[in-house]
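Please find below a short set of review points on the model. They begin with confidence and proceed to fold, dimensions and surface.

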Amino acid sequence: MRLKSLIRTPFRYTYFKATLIIIAVNALAYFLCNFTGLRYLGYGNQFISYSYTDLTFGLNVWGFVGQHMFWQPLTYMFMHENFQHILFNMIGLFFFGMTVERALGSKEFLLMYFFIGIFSGLFSLLVYYLTGSYYSVLVGASGAIYGLLLTYAVIFPHSRIFIWGIIPVPAPLLVLIYAGIEFFSQFTSFDNVSHMTHLAGFAFAFIYIVVRMGVNPFKVWFNR
């Protein structure tokens with residue numbers, strides 16, 4: 001009971017726009033990697049298809065296990081492949097992150113965001129290790145952002161999200177649709193997107209909400 005009480009003890013509410021700080025750090029990291037030449041230093045012919053920053057700060061088995069780069073489960077969340085990648089991630093982070101942060105407070109938001117992001121990354125790293133994908137590199141904040149989408153749908157179950165600004169979809173239904181898309185894409189798609197990390201984002205957000213907040217998302221959605 002004492003451990004349960006400790007886990008669920010809330011922070012004192014504060015709001016200091018942590019979402020905007022995270023977005024600014026992502027933008028700074030993207031600028032430093034792409035406009036200073038740092039990304040293209042490389043590790044030599046053995047890793048010619050990978051950049052210096054991706055292997056060092058992105059999450060990969062070679063770096064984390066082989067080179068003891070234990071910061072990677074945190075730093076991979078601030079690395080992005082291209083402008084489109086960071087643009088859409090930051091748009092999602094802005095809209096869902098700002099709303100969730102205002103509802104929960106900045107401290108709770110930060111704990112949730114990094115919990116989801118770090119453990120989604122570690123789950124993906126474990127899959128890479130078990131499947132022998134030692135040089136696959138994971139970058140981007142998508143896992144954490146998918147977790148924020150689920151959290152948003154739990155806090156605001158009556159909210160509707162407009163797809164392409166036109167089609168209104170209830171937030172809980174959108175989560176289920178995205179979960180289904182990511183699940184099937186994991187087994188049928190051959191793109192360069194880590195769909196399993198997105199699914200892990202949903203899963204760890206679900207765990208966080210149940211364990212930390214004592215709320216069952218499915219009960220919230222069914223009762224709406």
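**Review points**

1. Over residues 41-48 the pLDDT remains under 50, and the model gives this stretch eleven contacts beyond four places in sequence. Where pLDDT is low, the predicted coordinates should not be read in detail.

2. The structure is a predicted model. Across the protein chain the mean pLDDT is 87, and 90% of the residues score at least 70.

3. The protein chain contains eleven helices and two strands. In sequence order the elements run α-α-α-α-α-α-α-α-β-β-α-α-α, with the two strands adjacent in that pattern.

4. On overall dimensions, the radius of gyration of the protein chain is 18 Å; a compact globule of 224 residues would have a value near 17 Å, so the two agree. Along the principal axes, the C-alpha atoms occupy a box of roughly 55 × 45 × 35 Å.

5. On packing, 45% of the 224 residues in the protein chain are buried. Among contacts in the protein chain with a separation of 6 or more, 70% join residues 24 or more positions apart.

6. The exposed area of the protein chain is about 12300 Å², of which carbon and sulfur atoms supply 69%.

7. How far apart are the mean positions of the positive and negative charges of the protein chain? The chain carries 12 positive and 6 negative charges, and their mean positions lie 20 Å apart.

Technical notes. Residues are numbered from 1 along each chain as its sequence is written. This is a predicted model: local features need pLDDT of at least 70, side-chain atom pairs count only at pLDDT 80 or more; totals for chains, interfaces and linings use all residues. Side-chain values use heavy atoms; hydrogens and water are left out. Helices (H or I, at least four residues) and strands (E, at least two) are DSSP runs, numbered from the N terminus. The radius of gyration is taken over C-alpha atoms; the globule rule is 2.2 Å times the number of residues to the power 0.38. Buried means under 20% relative accessible area, exposed over 50%, partly exposed in between (1.4 Å probe, protein chains only). Contact means heavy atoms within 4.5 Å. Accessible areas come from the Shrake-Rupley method with a 1.4 Å probe; for residues, only the protein chains shown count as cover. Lys and Arg count as positive and Asp and Glu as negative; His and the chain ends are not counted. The place of a charge is taken as NZ of Lys, CZ of Arg, CG of Asp or CD of Glu. pLDDT is the predictor's confidence in each residue, from 0 to 100.
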